[in-house]
Amino acid sequence: MNYAQVLLDVGQAERADTVMQEAVTELKTAGDRLGLASAYINLGVRRHLQGRLPEAATLYRQALGELAGTGSVRQMGLALSNLSEIEGDLSAFEDTLEMLTRAGQHELADHIRRNATIVAPAAAHALRS
């Protein structure tokens, strides 16, 4: 997964997607649920940023399925906040941020809030154009 991120950083997005899909296959075979959830979240973020929202939502849901029962609050918070953003469910979004805060993930909750503040004005501007 790190290699896929490096490929993205150097502008090789299609190769990065292929590498991440290969990682998903390997993580499934290995039974690494946390790694698989992380891969799904990363792929979801990529689709999210590409505007491919139905695909992103599916990937976030797959991540949540892998995270069930793991206690990984941080990853669950990432997937839930991104999914609630796509679905426009502000109540779920705030609930997720509150869950992260209660779990001691203050920096992550603040980071998600900042990103939501940055995305919201940009989306509003795009709607007016």
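In this predicted model, Ser72 is a good place to begin: setting aside neighbours within four places in sequence, Ser72 is in contact with Leu34 and Leu67. Ser72 sits in the loop that runs between helix H4 (53-67) and helix H5 (73-87). Is this loop residue buried or exposed? Its relative accessible area is 16%, so Ser72 is buried, as the cut-off for that class is under 20%.

Now move to the start of the chain, where helix H1 (residues 2-9) and helix H2 (residues 13-30) have axes that come within 8 Å and cross at roughly 170 degrees. The two helices are therefore roughly antiparallel to each other, since angles over 145 degrees count that way. Which residues meet here? From H1 come Tyr3, Ala4, Leu7 and Leu8, and from H2 come Ala13, Arg15, Ala16, Val19 and Met20. Sorted by class, this contact has eight nonpolar residues, one charged residue and no polar ones.

Gln5 is also in helix H1. With 41% relative accessibility, Gln5 counts as partly exposed. Gln5 and Met20 are 15 residues apart in sequence, and their C-alpha atoms are 8.8 Å apart in space.

Next, let's turn to charge. Side chains of opposite charge can pair when their charged atoms come close. How many salt bridges does the structure hold? There are seven. In one of these, the side chains of Arg47 and Asp17 meet at 3.6 Å, N to O. Arg47 belongs to helix H3 (residues 33-49) and Asp17 to helix H2, so this pair ties together parts that are 30 residues apart in sequence. Both Arg47 and Asp17 are buried; for Arg47 the relative accessibility is 8%.

Arg47 has a further partner in Glu55, with the closest N and O atoms 3.5 Å apart. Unlike the buried Arg47, Glu55 counts as partly exposed, at 36% relative accessibility. These residues belong to a network of salt bridges that links Asp17, Arg46, Arg47, Arg52 and Glu55.

Another salt bridge joins the side chains of Glu66 and Arg33, at 3.8 Å from N to O. Here Glu66 is in helix H4 and Arg33 in helix H3, so the pair ties together parts that are 33 residues apart in sequence. Where do these two stand in accessibility? Glu66 is partly exposed, with a relative accessible area of 21%, and Arg33 is partly exposed too, with 35%.

Key: Residues are numbered from 1 along each chain as its sequence is written. This is a predicted model: local features need pLDDT of at least 70, side-chain atom pairs count only at pLDDT 80 or more; totals for chains, interfaces and linings use all residues. Side-chain values use heavy atoms; hydrogens and water are left out. Helices (H or I, at least four residues) and strands (E, at least two) are DSSP runs, numbered from the N terminus. Buried means under 20% relative accessible area, exposed over 50%, partly exposed in between (1.4 Å probe, protein chains only). Contact means heavy atoms within 4.5 Å. Axes are lines fitted to C-alpha atoms, for helices over the stretch in contact, and angles run from 0 to 180 degrees between N-to-C directions. Angles under 35 degrees count as roughly parallel, over 145 as roughly antiparallel, 65 to 115 as roughly perpendicular and the rest as oblique. Ala, Val, Leu, Ile, Met, Phe, Trp, Tyr, Cys and Pro count as nonpolar, Asp, Glu, Lys and Arg as charged, and the others, Gly among them, as polar. A salt bridge is a side-chain nitrogen of Lys or Arg within 4 Å of a carboxyl oxygen of Asp or Glu.
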